[in-house]
Structure formats: C-alpha cells, structure tokens
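This report describes the fold, the surface and a few selected side chains of one protein, moving from global values to individual residues. Please keep the sequence and the coordinates at hand while reading.

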Amino acid sequence: LTRREYRYFIYEGLAAVPHGLAITIAGTLLAVPAVLFLAGVEPEAMRAAVLARPHLLLIPGGSGLLLHGLGFCIGFGREAQSPRDRVAIALLHLPALLGGLILVALGGALLAIGLTAWLAPAVFRARFESLFGNPWPFS
C-alpha cells in the first residue's frame with residue numbers, strides 16, 4: 001500500500017493480484033444478472049436456473065471469496081526498519097490475516113460444494129438431503 005498525493009492509495013505487489021481477480025469476479029457476478037434482466041429474462045427464471053444448477057453461483061462466489069481471503073493473507077505490508085518494527089507490523093497485520101483465513105476457508109468450502117454440484121450432482125443432492133432432510137431445492 002503506497003501513499004500518493006491527493007490521499008489516494010495505489011495497491012501494489014503480490015496481494016493486489018488476488019484482490020483484483022476477486023473484484024473482477026464480483027463485478028461479473030453483479031453484471032451478468034443485470035444484463036440478463038435487460039435482455040428480458042425474468043428474475044424468477046434466473047432464480048430457477050440457479051436452483052436447478054447451483055454451481056453457477058457457488059463456483060464463482062467461492063472463487064471470489066477464496067481469492068479475496070488470499071489477498072488479505074498475503075497483505076499489503078511495508079518494509080521493516082528493525083526487528084522490533086517487524087514484530088509491530090506482524091501484530092498490526094494479524095486481524096487481516098485471521099479474517100483472510102476465514103474467507104479462504106469459506107471460499108474453499110463454497111468452491112468444493114460448487115464443484116461437487118457440477119461434477120457429481122447425485123452426490124450433491126444425496127449429501128444435501130442427508131444434512132437437511134429435504135431434497136434439493138426445498139421450499
């Protein structure tokens with residue numbers, strides 16, 4: 001994170017790559033339903049399509065959360081000037097690291113569920129019914 005004039009921040013370094021990919025995925029997840037709606041597709045039809053094929057939302061959503069969490073885990077650090085400064089930077093980065101680990105776990109779980117729903121729909125439906133006692137999708 002580099003401070004520039006006019007109080008803008010420029011995100012540089014390795015952590016900017018997963019953050020940028022996550023923002024791209026989020027923008028796509030917002031743009032696709034908007035474009036479909038402008039093309040005349042009803043929201044009920046979009047809901048029915050996602051309920052029939054949940055991997056359409058789980059895979060990109062899980063990937064976005066996974067990448068965003070990875071970006072937080074990598075972090076936008078600065079160079080340490082001394083060993084004491086290195087400890088201070090690590091302690092300041094700790095909340096972002098913990099939040100990033102939570103996002104990585106949640107994103108990985110959603111990605112795994114989405115891949116299961118895509119590649120083995122029978123396994124997905126059986127697992128869902130064994131967990132909730134109702135078939136997928138339930139009302």
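## Charges and surface

For the charge count, Lys and Arg are taken as positive and Asp and Glu as negative, while His and the chain ends are left out. On that basis, the predicted model carries 10 positive and 7 negative charges, and the mean positions of these two groups lie 6 Å apart.

The accessible surface of the protein amounts to about 9900 Å², and carbon and sulfur atoms account for 71% of that area. Of the 139 residues in the protein, 18% are buried.

## Overall fold

The secondary structure consists of 5 helices and 2 strands, which follow one another along the sequence in the pattern β-β-α-α-α-α-α. The protein is more spread out than a compact globule, because its radius of gyration is 20 Å, whereas the globule rule gives 14 Å for 139 residues, a value that the model exceeds well.

Taken along the principal axes, the box filled by the C-alpha atoms is roughly 60 × 40 × 25 Å. Among the contacts between residues at least 6 apart in sequence, 66% join residues that are at least 24 apart.

## Aromatic pairs at the C-terminal helix

Which residues do the ring pairs link into a cluster? The cluster is made up of Phe124, Phe128, Phe132 and Trp136, and the count of aromatic pairs in the protein comes to 4. One of them is the edge-to-face pair of Phe124 and Trp136, with 5.6 Å from centre to centre and 75 degrees between the planes. This pair links distant parts of the chain, since Phe124 belongs to helix α5 (residues 121-132) and Trp136 to the segment after α5, 12 residues apart. Phe124 counts as buried because its relative accessibility is 10%, and the cut-off for that class is under 20%.

A second geometry is found for Phe128 and Phe132, whose ring centres are 4.7 Å apart and whose planes meet at 45 degrees, so that this pair is classed as tilted. These two residues are 4 apart in helix α5 and are therefore separated by about one helical turn. Is each partner buried or exposed? Phe128 is buried, with a relative accessible area of 12%, whereas Phe132 is exposed, with a relative accessible area of 51%.

## The loop between α2 and α3, and the start of α3

Arg53 is located in the loop between α2 (43-52) and α3 (55-74), and with 40% relative accessibility Arg53 counts as partly exposed. The C-alpha atom of Arg53 is separated by 19 Å from that of Ala34, a residue 19 positions away along the chain.

His55 lies in helix α3 and is buried, having a relative accessible area of 14%. When residues up to four places away in sequence are not counted, His55 touches Pro60, Gly114, Ala117 and Trp118. Of the helices, α4 covers residues 83-119, a range that includes Gly114, Ala117 and Trp118.

## Ile89 in helix α4

Ile89 is part of helix α4 and counts as buried at 18% relative accessibility. Leaving aside neighbours within four places in sequence, Ile89 is in contact with Arg78, Glu79 and Ala80. Along the chain, Ile89 and Gly77 are 12 residues apart, and their C-alpha atoms are separated by 7.4 Å.

Methods. Residues are numbered from 1 along each chain as its sequence is written. This is a predicted model: local features need pLDDT of at least 70, side-chain atom pairs count only at pLDDT 80 or more; totals for chains, interfaces and linings use all residues. Side-chain values use heavy atoms; hydrogens and water are left out. The radius of gyration is taken over C-alpha atoms; the globule rule is 2.2 Å times the number of residues to the power 0.38. Buried means under 20% relative accessible area, exposed over 50%, partly exposed in between (1.4 Å probe, protein chains only). Contact means heavy atoms within 4.5 Å. Accessible areas come from the Shrake-Rupley method with a 1.4 Å probe; for residues, only the protein chains shown count as cover. The place of a charge is taken as NZ of Lys, CZ of Arg, CG of Asp or CD of Glu. Rings of Phe, Tyr and Trp (its six-membered ring) pair if their centres lie within 6.5 Å; planes under 30 degrees apart count as stacked, over 60 as edge-to-face and the rest as tilted.
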